[in-house]
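Thanks for coming. I will go through one model this morning, element by element, and then turn to its charged pairs.

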Amino acid sequence: MRTLEELTRPNVWRLKPYSSARDEYNGAAASVFLDANENPYNMPHNRYPDPMQRELKKELSKIKKVRPEHIFLGNGSDEAIDLVFRAFCEPRIDNVVAIDPTYGMYQVCAEVNDVEYRKVLLDENFRFSADKLLAAADEHTKLIFLCSPNNPTGNDLLRSEIERIIREFDGLVILDEAYNDFSEAPSFLEELDKYPNLIVLQTFSKAWGCAAIRLGMAFASQEIISIFSKIKYPYNVNQLTQKQAIEMLHRYYEIERWVKTLKEERGNLEEEFAKLPCTVKMFPSDANFFLVRVTDAVKIYNYLVGEGIIVRNRNSVSLCGNCLRVTVGTRNENERLIEALRKYKV
């Protein structure tokens with residue numbers, strides 16, 4: 001692996017971060033706050049939130065078994081994705097490599113940051129080759145993006161190939177585990193101390209049922225996390241989000257029940273989908289959604305919209321011709337979907 005200084009943009013490495021009033025105060029005993037130009041009325045929403053989310057990270061570390069200094073929290077996982085470009089990729093010079101198809105925000109962030117985005121096509125079973133990804137990299141490749149379970153394909157990537165990428169690539173590997181809670185595969189958080197070039201992304205939006213609060217997690221070495229913290233916006237995670245996330249962490253066993261139920265519903269829904277005349281091929285899923293090839297994705301999507309049911313049309317995505325991505329809902333929602341498709345005339 002190249003050193004972190006070699007991987008980091010020189011201006012970011014030299015950057016003296018903005019120091020907010022709450023950074024300087026840092027928890028010392030006080031009852032009068034006249035440092036941050038806040039309105040003294042409308043408690044508690046008049047005060048700036050903890051810029052480093054210390055209480056939330058402390059509670060999260062108990063669940064994730066990762067020390068707080070190895071955790072970055074952001075406004076959705078998208079903030080962490082954008083930060084890796086801003087921190088490590090020199091515009092118009094560096095590039096990144098990613099599997100294709102995968103989550104679209106990796107490419108959007110690359111284009112926003114004016115960084116070349118190199119796609120490596122998955123095979124017909126939506127598996128990737130470490131050889132092909134490594135072959136696509138050169139001396140200006142700073143990042144490799146992997147998503148497992150992958151979106152929109154739903155499948156876990158082969159663990160041995162992921163490990164090989166992490167071991168052999170001399171840059172940073174970003175592994176997006178947004179859907180890992182629904183998979184039987186263990187999280188790579190267990191391997192974090194072993195791989196200093198690994199960044200693992202997770203989210204409160206899926207298994208935790210908190211898409212509305214916009215809270216993403218990045219786990220990495222303390223040195224990488226310190227770079228993220230250096231360039232993030234000072235108060236990037238608001239107080240309402242921090243409070244709600246802490247409440248959800250205290251309801252962890254309820255989240256485990258949700259996940260168990262959704263996995264059972266996934267199996268039931270896949271079984272019913274396979275019987276439909278419009279279904280051409282079901283793809284195995286390790287997520288809270290599945291990909292299905294149908295007779296006419298555009299026509300069926302529009303039919304379902306007319307029935308008040310929204311799925312995702314992935315027809316234009318690489319390798320996903322005539323495919324719909326279906327999120328697992330409640331039993332009632334799933335039954336409404338199947339009932340509508342049984343009435344559809346192929």
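What covers the buried residues of α8? Please keep in mind that this is a predicted model. The cover over the buried residues of α8 includes α7 (130-136), β4 (141-147), β5 and β6. Helix α8 itself runs over residues 159-168, and its buried residues are Glu 161, Ile 162, Glu 163, Ile 165 and Ile 166.

Next, β6, which is one of the elements over that helix. In β6, 6 of the 6 residues are buried, so the strand is largely enclosed by the rest of the structure. Both of its faces are covered. On one side the buried residues are Leu 198, Val 200 and Gln 202, and on the other they are Ile 199, Leu 201 and Thr 203.

As for strand partners, β5 and β6 run parallel and are joined by 4 bridges. Leu 175 has Val 200 in β6 as its bridge partner. The pairing of β6 with β7 is antiparallel, again described by a bridge count, which is 4. There, Thr 203 stands opposite Gly 216 in β7.

Just along the chain is Ser 221, located in the loop between β7 (216-219) and α9 (222-231). Is Ser 221 buried or exposed? Its relative accessible area is 15%, and because the cut-off for buried is under 20%, Ser 221 counts as buried. Leaving aside residues up to four places away in sequence, Ser 221 touches His 70 and Pro 196.

Now the record. UniProt, in an unreviewed entry, places the feature "domain: Aminotransferase class I/classII large" at residues 44-341. In the model, that span is 38% helix and 18% strand, and its end C-alpha atoms lie 50 Å apart.

Another parallel pair is β2 (residues 95-100) with β3 (residues 116-121), over 6 bridges. Within this pair, Val 97 has Arg 118 in β3 as its bridge partner. Between the two strands the chain passes through helix α6 (residues 105-112), and this β-α-β crossover is right-handed.

There is also an open sheet of 4 strands, in the order β8-β9-β11-β10, with antiparallel pairing. Its edge strands are β8 and β10 (312-313), each of which pairs on one side only. β10 is joined to β11 by 2 bridges, and Arg 312 has Arg 325 in β11 as its bridge partner.

Helix α11 comes next. How far apart are the end C-alpha atoms of helix α11? The helix has 23 residues, 252-274, and at 1.5 Å a residue it should span 33 Å. The end C-alpha atoms are 33 Å apart, which agrees. Buried in α11 are Ile 255, Val 259, Glu 265, Arg 266, Leu 269, Glu 270 and Phe 273. Their cover includes α10 (239-249), β8 (279-282), β9 (289-294), β11 (323-327) and α13 (331-343).

That leaves the charged pairs. Side chains of opposite charge can pair when their charged atoms come close. The count here comes to 23 salt bridges, and I will show a few.

Two of them involve α11. Lys 263 meets Glu 184 in a salt bridge, at 2.6 Å from N to O. Lys 263 lies in helix α11, whereas Glu 184 is in the loop between β5 (172-176) and β6 (198-203), so the pair ties together parts that are 79 residues apart in sequence. Lys 263 is partly exposed, at 24% relative accessible area, while Glu 184 counts as exposed at 64%.

The other pair is Glu 264 with Lys 260, where the closest N and O atoms are 2.9 Å apart. These two residues are 4 residues apart in helix α11, which means they are separated by about one helical turn. Glu 264 is partly exposed, with a relative accessible area of 43%, and Lys 260 is exposed at 52%.

Elsewhere, the side chains of Glu 38 and Arg 47 form a salt bridge at 2.6 Å, N to O. Glu 38 is buried, with a relative accessible area of 16%. Arg 47 is partly exposed, at 23%.

Which residues are linked with Arg 67 in a network of salt bridges? They are Glu 69 and Asp 193. That is where I will stop.

Definitions and conventions
Residues numbered from 1 in each chain as written. Predicted model: local features only at pLDDT ≥ 70, side-chain atom pairs only at ≥ 80, totals over all residues. Heavy atoms only, no water. UniProt positions renumbered as here; feature names shortened; annotations may be inferred. Expected span 1.5 Å × (residues − 1). Buried < 20%, exposed > 50% of the residue type's maximum accessible area, 1.4 Å probe, protein only. Contact = heavy atoms within 4.5 Å. Pairing = 2+ DSSP bridges. Right-handed = clockwise from strand over helix to strand, strands pointing away. Salt bridge = Lys/Arg side-chain N within 4 Å of Asp/Glu carboxyl O.
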